[in-house]
Each structure stands twice: as structure tokens, then as C-alpha cells.
Amino acid sequence: MSTIAKRAFVTGITGQDGSYLAELLLGKGYEVHGLIRRASSPNTARIDHLQSDPHDARSRLFLHYGDLTDGSGLAKLIQAIQPSEVYNLAAQSHVKVSFDQPIYTSDITGLGTARMLQAVRETQEHSGQPIRFYQASSSEMFGKVVESPQTESTPFYPRSPYAVAKVYAHCITVNYRESYNLHASCGILFNHESPRRGDTFVTRKISRAVGRIKVGLQDKLYLGNLDSKRDWGFAGDYVEAMWLMLQQERPDDYVVATGVTHSVREFCERCFSRVNLDYRDFVEIDPRYLRPASVDYLLGDASKVRTTLGWKPRVSFEGLADMMVDSDLELAQQEKSARDAGHEYVGHY
Ligand code: NAP
Ligand code: G4F
């Protein structure tokens, strides 16, 4: 394959951000190549709407099997695809799970990034064609925050195996930028959500439960720390910042956030009130959802991305909660109808 101006390779394309980013890139005319893991049942629900007939010559989305544990497989793929931009979004991305699977999380979320960087570096050296690299860094790296709001220069204090792995991934990306003249940028993204959010993250867990409670499919919602605060934005807005970073002449690191923080309790209040319910009647605390070490407060200062890239969030906290509840209420109504008709419900994002 020869290098064309707009060819992107996206790891994590089946995830929340990957699906929005693929939509954005296809909309801008890119040829998009995505890495997917082989699974015993389909795992492409979030991007199925982007896949046209494989025999249709106009299709610009290509999926390739691979895994972040397989460095030589990644290198072969990147050499074959010859992308001009690489977005590394794949990760074991669940903080609580990382306490149960610390070694696995370090391997995927941490070392997986080093494997990607090495594959990109080798391909660029062989072909002489520049490749721009985006790393999905996280506000979890700030952890037990040493200052507020958090900026690009706030020191990291990771509080979970996931966050430690992300700090490694962030630092190795900066190291490859400085050592090999790689156009590699890190987006330090604060929490971002959507109707496509995985349903074990707290916002989606809440919006799913609100829909199901409203239609009578569920009685209670069990949560952990309700006082924890996050700077929540909409994933569709945040993928635009990723793309903007790779359009700059110089690589750099940017905090992407709304600059507003809310508690899990406030998210519950907003979601339940959207369907005229009071969260206090349904939410109960289950210590199983507490973490061995917690991140209690995150608030981002996105001045740099606003002024340098001209990026700003479009969806507010209230707009996000309403969007998620409305979507999950519709899903719950479909689930209820299917159940009432005696059919098995097949969910979608
Ligand atoms: P997500 O929905 O959990 O998606 C993770 C993606 O990684 C999925 O496509 C998953 O594939 C893939 N993946 C997992 N392990 C893999 C492996 N071993 N090899 C190849 N692919 C693998 O996460 P997200 O919310 O879209 O987040 C995207 C990235 O941004 C992640 O790196 C996350 O850590 C980071 N981040 C997210 C946020 C946020 O608030 N959403 C904030 C800051 C940073 P399967 O579908 O097969 O599981
Ligand atoms: O939705 P969460 O699981 O997201 P968390 O831990 O902030 O991590 C997410 O955002 C990071 C960016 O800061 C990403 F890097 C990471 O990949 C992921 O996308 O939990 C949010 C808060 C936490 O304080 C948690 O303790 O909600 C609290 N919480 C309370 N009850 C709960 C629950 N979280 C989950 N998942 N489930 C609960 O029942």
C-alpha cells in the first residue's frame, strides 16, 4: 500500500471513543483502519453502523485482527497499512478492574503503548514517511491531586494500577517524541461519557438503571462512593480534540476537560429527576463498588487546548445526563416490549 494523505489507524475502535473517532475521521474523508480483537461473539456493535457492504468499493473502513500484547503483529499491520496518523485508544480502561488484574492492565495499558510506539517508529524509519501518533492519556494520572484545577504541568499521583500504567504510557510517548523526533501527542482527557459508554462505568450504570427502573425492569441501583467528583464531558466532543492535536505542526500534550466538576450523587440527582423520580428512593451503597485507593476529586483546566487548538466542549453536564437517560429510556422500553412479547432482547449501543 502506498501512503496517502489521510489514512488513519485506530486501536480501540470498538470502544466508546474509537467509535466516535472513526465517525469523525470517515466524515473528514479519511481511510480508516481499526484494530479489533477476535471474540467468540461479535464485539463491533458500536461501529456496525459505519460498516458498509465489504464489496462496496466506496467503503473506507477496514478492520484488522490484532492485540496490543502482540508487538510483531502490530508492527506488521502498521507496515502494511502505512498510516499517516495513528490513534492509540486501546486499553484495559476500567479503574476498579485494574485492582483485580494489575499485571494484565500494565501489559495492555502500559506496555501496549510502548509496542505501538516501537511499531510506528520502525515503520517511519523504513518508509521515510512521517506518522503522527496520538496517545490516550488520562486525568486518572493526577489521582490524589496535588493542585486544583489540574493542568499539563500538575505532577502525577496515580492511585490505581490503571493510572500507574497510564503514567508509564504517557512518559514513554514523551520519551519517543524527544528521542526519535516522532510527532507524538498525548491528550490528558478527563472523564467523557455518552450513550455508547460501557455499562460498568458509573454514568452509564446510572442512566441504564434509570431507564430500567422507570419501565419496571429494575428496583434498585447499587453504587459505591457517591461523593466522588469528576469533570464529565461528552465523548463526541473529546474525539475532536484528539484529531486537532495531530493537525498541529508540533506535537504536544494537552488537558481536555470542561472545567466543571460534579459528584456522582449530582449525576444521580439529574438522571433520576429527568424521569420524575427521586434517586434517594432507589440508590443504595454496596461496599463492593469501593476501590482500595480512591480518586476523590478531578477538575481540569483546559485553557491550553482552548487557546492553542480552539477546542471547546459543546455539551454541558446537564445535557450529557439528559442525553444518556433519554437514550437508555428508549433501550429499556425496547427491552420491556421484547420481554412482554416473549422475545429475547438483543441490546445495542
Ligand atoms: P473503552 O470503551 O473501554 O474501549 C477500550 C478499547 O480497547 C476497546 O475497543 C477494546 O476492545 C480495546 N482493547 C482492550 N484491550 C485490548 C487489547 N489487548 N488489544 C487491543 N485492543 C484492546 O474505552 P474508551 O472510554 O473508549 O477510552 C478510550 C481510551 O481513552 C482508553 O485508552 C482509555 O483508557 C482512555 N481514556 C478514557 C477516558 C474516558 O473517560 N472515557 C478518559 C481518559 C482516557 P474490545 O471492544 O474488544 O474490548
Ligand atoms: O465511571 P468510573 O468507573 O470512572 P473512573 O474511575 O473515573 O475512570 C474513567 O475515567 C478515567 C478518566 O479520569 C479514564 F481514564 C478511565 O479509563 C475511565 O474511563 O468511576 C467514576 C467515579 C469513581 O470515583 C468511582 O469510585 O464513580 C465512582 N463510583 C461510585 N459508584 C462508581 C460506582 N464507579 C463505578 N464504575 N461503579 C460504581 O458502582
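This report describes a predicted model of a protein with two ligands, beginning with the whole chain and then turning to each ligand and to two individual residues.

## Overall form

The protein contains 10 helices and 13 strands, and its C-alpha trace spans about 60 × 50 × 40 Å along the principal axes. A compact globule of 349 residues would be expected to have a radius of gyration near 20 Å, and the value computed for the protein, 20 Å, agrees with that expectation. Of these 349 residues, 53% count as buried.

## The surroundings of ligand 1

Around ligand 1 there are 25 residues, and those that come nearest are Thr14, Asp17, Arg37, Ser93 and Tyr162. Divided by class, this shell holds 10 nonpolar, 10 polar and five charged residues.

Several side chains make polar contacts with oxygen atoms of ligand 1. In the case of Tyr162, an N or O atom of the side chain is 2.6 Å from an oxygen atom of the ligand, while a polar side-chain atom of Arg37 lies 2.8 Å from an oxygen atom of ligand 1. For Lys166, the distance between a side-chain N or O atom and an oxygen atom of ligand 1 is 2.8 Å. Taken on its own, ligand 1 has 910 Å² of accessible area, of which the protein covers 89%. Two or more residues of the shell are given by each of helix H1 (16-27), strand E5 (132-138) and helix H5 (161-180), and the largest share, three residues, comes from E5.

## The surroundings of ligand 2

The shell around ligand 2 has 24 residues, with Ser138, Ser139, Tyr162, Ser228 and Arg291 coming nearest. By class, the residues of this shell divide into 10 nonpolar, nine polar and five charged. Helix H6 (202-214) and strand E8 (221-223) each supply at least two of its residues.

Ligand 2 also has polar contacts with backbone atoms of the protein. One of its oxygen atoms is 2.7 Å from a polar backbone atom of Ser93, and an oxygen atom of the ligand is 2.8 Å from a polar backbone atom of Val202. At Thr200, a backbone N or O atom lies 2.9 Å from a nitrogen atom of ligand 2. The protein covers 94% of the 710 Å² of accessible area that ligand 2 has on its own. Residues of the shell around ligand 2 come from both domain 1 (7-196 + 232-256) and domain 2 (202-225 + 262-294 + 316-340), and the ligand therefore lies between these two domains.

## Residues named for both ligands

Two residues appear in the descriptions of both ligands. Tyr162 is among the residues that come nearest to ligand 1, and Tyr162 is also among those that come nearest to ligand 2. Ser93 is likewise listed among the nearest residues of ligand 1, and a polar backbone atom of Ser93 is 2.7 Å from an oxygen atom of ligand 2.

## Two buried residues

Ser160 is placed in the loop between E5 and H5. With a relative accessible area of 4%, Ser160 is buried, because a residue counts as buried when this value is under 20%. A polar atom of the Ser160 side chain lies 3.0 Å from the backbone nitrogen of Ala163.

Tyr238 belongs to helix H7, which comprises residues 235-246, and with a relative accessibility of 0% Tyr238 also counts as buried. Although Tyr238 and Val256 are 18 residues apart along the chain, their C-alpha atoms are separated by 7.2 Å.

Methods: Residues are numbered from 1 along each chain as its sequence is written. Chains are lettered from A and ligands numbered from 1 in the order in which they are written. This is a predicted model: local features need pLDDT of at least 70, side-chain atom pairs count only at pLDDT 80 or more; totals for chains, interfaces and linings use all residues. Side-chain values use heavy atoms; hydrogens and water are left out. A residue is near a molecule or strand if one of its heavy atoms lies within 4 Å of it. A polar contact is a pair of N or O atoms within 3.5 Å; within protein, one must be able to donate a hydrogen and the other to accept it, and residues adjacent in sequence count only if both atoms are side-chain atoms. Accessible areas come from the Shrake-Rupley method with a 1.4 Å probe; for residues, only the protein chains shown count as cover. Helices (H or I, at least four residues) and strands (E, at least two) are DSSP runs, numbered from the N terminus. Ala, Val, Leu, Ile, Met, Phe, Trp, Tyr, Cys and Pro count as nonpolar, Asp, Glu, Lys and Arg as charged, and the others, Gly among them, as polar. Domain bounds come from an automatic or database domain assignment. The radius of gyration is taken over C-alpha atoms; the globule rule is 2.2 Å times the number of residues to the power 0.38. Buried means under 20% relative accessible area, exposed over 50%, partly exposed in between (1.4 Å probe, protein chains only).
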